[in-house]
Every structure is written in structure tokens, then in C-alpha cells.
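These are my notebook entries on a structure that I looked up. I kept each entry short and wrote it in whole sentences.

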Amino acid sequence: MTARIQLVAEFDEADALARAARALRDAPCGRMEAYTPIPMPEVDEFLSPGHGRIGLVALMGGLAGAALIYLLQVYLSVYDYPINVGGRPPHSWPAFIPATVALALLGAAVAAFAALLWTAGLPRYHHPVGDAPNFARASQDRYFLALEFEARDPDSAVEAATARLRDLAPLHITRLSR
Amino acid sequence: MSEVRENGGMGDGTDTPSVTETTSALVLERPLHWHWLIAFGVSGALVLFLVYAGGVLFLIGVGVWGINIPVVWAFDIINYVWWIGIANAASLLAASLVLLRRQWRATINRLAEAVALFAALCAAILPILHLGRPWLFYWVFPYPNTMDIWPQFRSALTWDFFGILAHLLVVFLFWYVGLLPDLATLRDRAKSTFARTAFGLAALGWRGSSRQWQAFRATYALMAALVVALLVFMQSIVALEFAVTLVPVWHGTILPPHFVAGAVVSGVGAILVVALPLRTALGIEALITRDHLDVMGRILLGAALVVVYAEAMMILTAWTSGDGDALRALDNRLFGPYGWAYWTAAAGIGVVTQALWFAPVRRSPPAIFAVALAAAAGMWFDRFSLLVGPIHRDFLVSSSAMYQPTVWELALLLGTLGIFFTLLLLFIRLLPVVSMYELRKLAEGRRLS
């Protein structure tokens with residue numbers, strides 16, 4: 001397992017973090033990630049672009065739920081135990097619609113939730129960035145920017161990134177390695 | 001809304017640390033107050049009463065209730081429809097606010113979702129209790145069994161089962177997803193190890209990374225859209241339980257829209273009845289402001305007008321139908337022995353809510369509380385009138401009997417109120433009642449998405 005080095009910078013304002021993230025876009029590091037107490041779409045667009053798959057997963061979940069319950073109803077009411085009530089057709093599809101729609105929406109919601117957990121990498125109760133001092137305030141009023149380097153990256157790259165970070169005047173810069 | 005200021009209508013002095021501090025302090029630091037204890041005691045006692053009544057019901061049978069032929073559905077279904085209406089409308093409101101990106105939703109949303117979830121739980125109990133053999137309720141689910149039988153999928157009651165199932169799970173997931181960032185905040189602010197562990201487990205390790213926030217926003221908006229679709233649909237299924245029957249007043253296509261509008265009246269009314277004492281008790285008047293009350297009052301008024309219109313259409317349809325049964329049933333419902341329930345409902349929904357046309361009423365907490373209470377109670381009487389009115393005089397003149405609730409049925413109403421308020425009281429102590437991350441975002445001067 002390659003050891004990784006993380007540079008974690010703490011800011012006390014959202015705009016400061018946004019400026020820093022934009023300034024360091026081209027820094028030669030493996031990954032940059034921001035940890036903020038509020039969603040910041042202006043930073044998301046270049047930090048983690050394009051995760052529009054959740055909608056697609058939800059759609060598939062919805063279709064799967066709908067298909068499952070509709071086909072079940074058809075099998076049970078038409079093939080397994082058809083009941084002849086006044087000669088009415090056993091495949092009374094309008095009557096099968098309510099349960100189908102209900103389970104379609106349920107399937108979509110459950111699939112969306114599962115997709116959220118998968119994309120967000122949850123549950124994950126320990127993450128190395130949590131070792132940065134004061135990180136508990138990332139969910140309250142501090143904004144953290146983390147740059148991740150591979151251990152094999154030259155020290156100069158890490159130093160250069162540290163210098164550029166220092167120019168942006170964060171509250172702290174921490175170097176973590178694991 | 002020109003009156004609602006851009007910062008979400010919040011009062012002054014609500015910058016980022018103090019919003020987080022105020023709200024999390026409600027959960028983490030506020031000591032047990034005797035108000036809460038008394039309220040919890042009362043609602044807990046009502047829950048015990050319901051448990052006792054449920055025990056009597058299981059042991060002796062449905063005969064302990066006042067229902068019989070021809071009034072086969074009364075308090076059990078009245079309370080079910082009322083609660084499920086509250087649940088549906090509260091989540092409908094919450095989800096609509098998310099989708100419309102209204103800045104002021106931040107404080108009302110969490111509470112509305114909680115009201116929705118707890119009301120749905122109360123509603124879900126009742127269809128089980130009203131079965132002749134409630135311990136066999138799972139037969140409604142199509143599982144392979146040794147009896148070689150399956151549920152009747154063409155029955156509105158089976159549709160309702162799937163609807164409630166979907167409803168409970170979707171509303172719970174919607175609520176839980178919205179809670180995740182705030183659970184993380186509480187985890188990080190918690191002082192005791194127990195609180196930190198409990199919130200930490202619930203927060204699933206949320207760190208607020210950019211990737212997580214992006215996935216979160218996409219999922220939350222998607223689930224809001226699903227909730228809106230599900231709940232309009234779900235409330236229509238509840239109405240279909242009545243509309244697919246042959247009972248004169250029930251058998252009409254106006255019923256699903258009527259039920260949806262009626263649900264909004266009782267749901268918004270319930271949210272206001274809950275929110276108003278809460279804002280005073282928790283000292284969060286700066287977070288749930290008069291602007292919020294103003295907008296909720298308008299929604300309530302609009303929904304009440306739709307209900308009045310739907311009622312008028314029901315009457316017009318029956319009156320011009322030339323169908324003797326429909327005319328007799330209409331006349332009986334309005335002017336028969338249970339007409340008092342109809343006119344009480346009309347007063348609560350149609351007359352008292354007209355006060356909401358006036359801004360001073362909407363913006364005054366005691367006034368709008370009274371109107372909301374009248375509207376929600378009026379909806380209960382409307383359900384009573386709808387359930388009992390048409391069926392106590394049946395097609396056959398000989399099938400006619402009065403209905404009187406027994407104490408075990410009153411236990412259903414009081415007991416479910418007890419469950420609702422018990423859960424609500426626990427909620428305000430254990431979880432943040434307002435959405436901290438949304439308020440934080442507003443305080444930063446950013447728009448909500």
C-alpha cells in the first residue's frame with residue numbers, strides 16, 4: 001500500500017476556500033478535495049465533476065420495482081390462481097396499476113439512497129483527513145481543503161504546494177502522512 | 001414573496017456560528033424542562049391507553065367497537081384517513097419546498113417531514129387494528145404460503161397496503177437523507193461519548209466533502225420529486241378505497257382530488273399547530289418567523305378553497321344526477337342525524353379559514369394557531385361525516401342504524417394523538433428541528449438549491 005501524504009488547509013470563510021481551490025487547480029497533486037459545512041456548487045464543478053448517475057440508478061430501480069410487482073400480479077392473478085368473477089378478464093391491468101406505481105416509486109427511492117451511499121463512500125466511520133486538527137469544525141464553521149500526494153511524488157511538489165497554500169493565508173496547514 | 005427577505009426571513013443576529021450553536025444546543029445542552037416532562041407524561045399515558053385498548057381489541061374482538069352493519073367503517077377509518085392525510089400533505093409541502101428552492105423552507109422543512117413521518121406511523125397502525133384478526137395482517141403481502149392463496153390485487157385495500165408500505169419507507173428515507181449533514185454536526189459538537197457515538201453511527205461518517213455534497217443535493221432533490229409523485233398518488237389510492245365502492249356519496253371521481261386538497265388542509269393545519277407552540281417553547285422565533293406563518297397561512301387558505309370547491313362539485317353532481325340513491329344520501333349527509341358533523345366541518349374548513357385572507361391574522365401566532373386548529377379539526381369532522389353519513393342509511397330501508405363510538409374507539413383517536421406527540425417530543429429533544437446546514441448556507445448569503 002503506497003503511503004500517501006495529505007496537505008490539509010483550514011479556512012474560516014467559504015469564499016477563501018473557493019479562491020484557494022480555484023488557485024490550486026493546476027497543482028501537481030493526485031486529488032484535491034474540499035470539506036465544508038455547506039454545499040458549495042461553485043467548487044464542486046471542478047473538484048468532483050459529473051456525478052449524474054444517481055438519476056439513472058434511481059430510474060433503473062424504479063423500473064425494476066415496477067416490473068417486479070406488475071409481473072408478480074400478472075402471474076398470481078392470471079396463471080397461478082385466476083378467479084372468474086362474472087367473466088371478467090383475469091389480466092385486469094388497470095387494477096394492477098396502483099401497486100405498480102407505488103413500488104416503482106419505492107424502488108426508485110431505495111435505489112437513489114443506495115446510489116447516494118455508494119457515491120458518497122458511506123458508511124465510512126474513519127477517514128485519514130479526520131486526523132487533521134480542528135477537523136470537527138468542518139461540519140460547523142470551518143472550510144478545509146485537502147491535497148493528496150502519492151509518496152513517490154517528489155518532495156519539491158509537496159513543498160511548492162505548501163508554499164502556494166501559505167500565500168492564500170489559511171488558518172492552518174497540516175501535513176498528514178499514512 | 002416580497003415580504004420574505006432574501007436571507008430566508010430570519011431575524012438579525014443569525015450568523016453562521018450562532019445558528020449552529022442555537023440549534024445544536026437544543027439537542028445537546030438543553031436540560032430537561034418540566035414542560036417537556038409533563039407533555040411527555042400526558043402523551044405517554046395516551047399511548048399506554050391505546051396499548052390497553054389494543055389488547056382488549058385483540059382479546060375480545062372488533063365487537064368492543066361501536067361499528068356494526070350498516071356502519072362498518074367509522075372511527076378506525078376516520079382516524080386512518082385523517083392521519084394519512086396529514087402525513088401526505090406534510091411531506092408534500094416539504095418536498096414541494098425543496099423542489100421550488102424556496103429560501104424560507106429551511107426552518108419549516110425538517111419539522112414538516114417529521115410531522116409527516118410520525119403521522120404516517122399513526123396512520124399505519126389503524127388498518128392493522130381494524131382487521132378481524134389483526135395478527136394475520138401479513139396475509140396482505142404476496143408471500144408463498146401453504147394455503148395456496150394470494151391477496152386480491154384488484155382490491156383498493158390491497159393497493160392501500162402497497163401504498164402505505166411505499167409511503168413509510170420513502171418518507172423515512174427522504175427525512176433521513178436530509179438529516180445526514182446535521183447528524184454530522186451534532187456528532188462533532190457532542191460532548192458525551194454516548195451522544196458522539198450515537199450521532200456518529202447515524203451520520204454514517206459524513207464528512208462534507210465536495211463529492212458527498214454533490215451526491216447529496218442530487219439525491220435530495222430527486223427524492224423530493226419522488227415524494228411529490230408518491231404522495232399525490234398515495235392520497236388518491238386512499239380516496240379510491242371509497243370511490244370504487246357503490247356507496248352513493250363515495251362513488252364519484254371527484255373523491256381523489258377532494259382527498260388530496262383535504263389532506264393539504266389538515267396537513268398544513270397540523271404543521272402550524274405543531275410549529276407555533278414549538279417556536280415559543282424552544283425560543284426559535286427568529287428562525288420560524290411571521291413571514292413563514294404568512295406563507296403557510298396562504299397555502300392553507302388556498303387548499304381550503306379547493307376543498308370547498310370539491311364539496312360544491314360533489315353536491316352539484318349528486319343534485320343534478322337524477323339518481324334517487326345519490327339524492328337521498330346527499331340529503332341525509334347534510335340534513336340527517338349526522339348533519340351536525342358536516343356543518344361543523346364546513347365551519348372549520350370553509351368559514352374560519354376565510355380569516356386567512358387578512359395579513360394581520362396570518363402574521364399573528366395566536367390567530368393563525370386558532371385557524372389552523374379549526375381547519376385540522378374541521379377536516380376530522382369532514383372525515384366523520386363522509387364515513388358515517390352515507391353508510392348509516394343503506395340502500396335497504398331496513399339497513400339503517402345509528403352509530404356511536406365506544407371508549408375503545410376513542411382510544412384510537414386519543415392514543416394515536418399520544419403516539420404522535422410522544423414521537424414529536426422525542427424528536428425535538430434528540431434531533432435538530434431546523435435544518436442547520438440550510439440555515440448556515442442562507443446566513444452565508446448564498447442561495448439554497
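The entries below cover salt bridges, helix packing, a surface patch and one distance.

**Entry 1: The model**

I note at the start that this is a predicted model. Every value below is therefore a value computed from that prediction.

**Entry 2: Salt bridges**

I recalled that side chains of opposite charge can pair when their charged atoms come close. I then asked how many salt bridges a search of the whole structure finds. The search gives 14 over all chains. I looked up three of the pairs in chain B, as follows.

I began with R110(B), which forms a salt bridge with D182(B). The closest N and O atoms of this pair are 2.8 Å apart. R110(B) belongs to helix α4 (residues 105–129) of chain B and D182(B) to helix α5 (residues 156–189) of chain B, so the pair ties together parts that are 72 residues apart in sequence. I also checked whether R110(B) and D182(B) are buried or exposed. Both R110(B) and D182(B) are buried.

I turned next to D294(B), whose salt-bridge partner is R362(B), with 2.3 Å between the closest N and O atoms. D294(B) is in helix α9 (residues 290–319) of chain B and R362(B) is in helix α12 (residues 359–363) of chain B, so this pair ties together parts 68 residues apart in sequence. Buried means under 20% relative accessible area. D294(B) has 2% relative accessibility and therefore counts as buried. R362(B) has 8%, so R362(B) counts as buried too.

My third pair was R333(B) and D382(B), a salt bridge with its closest N and O atoms 3.4 Å apart. R333(B) lies in helix α10 (residues 324–335) of chain B, and D382(B) lies in helix α13 (residues 365–391) of chain B, so the pair ties together parts that are 49 residues apart in sequence. R333(B) is buried, with a relative accessible area of 2%. D382(B) is also buried, with a relative accessible area of 4%.

I then asked which residues are joined into one network by salt bridges that share partners. They are D291(B), D294(B), R298(B), R362(B) and R363(B).

**Entry 3: Helix packing**

I looked up how helix α7 (residues 210–243) and helix α8 (residues 255–281) of chain B pack. The angle is about 125°, and the axes are 8 Å apart. α7(B) and α8(B) are therefore oblique to each other. Their crossing is right-handed.

I also examined helix α3 (residues 75–100) of chain B against α5(B), where the angle is about 40° and the axes are 12 Å apart. α3(B) and α5(B) are therefore oblique to each other. The crossing of α3(B) past α5(B) is left-handed.

**Entry 4: A nonpolar patch**

I asked which residues form a nonpolar patch on the surface. The patch consists of Y81(A), I83(A), V85(A), F137(B), Y138(B), W139(B), M147(B) and I149(B). Together they have about 680 Å² of accessible area. I looked up V85(A) in particular, and found it in the loop between α3 (53–80) and α4 (93–120) of chain A. V85(A) is partly exposed, with a relative accessible area of 40%.

**Entry 5: One distance**

I ended with M436(B), which lies in helix α15 (residues 436–443) of chain B. M436(B) is buried, with a relative accessible area of 0%. M436(B) and F162(B) are 274 residues apart along the chain, and 34 Å separates their C-alpha atoms.

How values were computed
Residues are numbered from 1 along each chain as its sequence is written. Chains are lettered from A and ligands numbered from 1 in the order in which they are written. This is a predicted model: local features need pLDDT of at least 70, side-chain atom pairs count only at pLDDT 80 or more; totals for chains, interfaces and linings use all residues. Side-chain values use heavy atoms; hydrogens and water are left out. Patches are made of residues with over 30% relative accessible area and no salt bridge: like charges are joined within 9 Å, nonpolar side chains (Val, Leu, Ile, Met, Phe, Trp, Tyr) within 5 Å. Accessible areas come from the Shrake-Rupley method with a 1.4 Å probe; for residues, only the protein chains shown count as cover. A salt bridge is a side-chain nitrogen of Lys or Arg within 4 Å of a carboxyl oxygen of Asp or Glu. Helices (H or I, at least four residues) and strands (E, at least two) are DSSP runs, numbered from the N terminus. Buried means under 20% relative accessible area, exposed over 50%, partly exposed in between (1.4 Å probe, protein chains only). Axes are lines fitted to C-alpha atoms, for helices over the stretch in contact, and angles run from 0 to 180 degrees between N-to-C directions. Angles under 35 degrees count as roughly parallel, over 145 as roughly antiparallel, 65 to 115 as roughly perpendicular and the rest as oblique. A crossing is left-handed if the near helix is turned anticlockwise from the far one by less than a right angle, and right-handed if clockwise.
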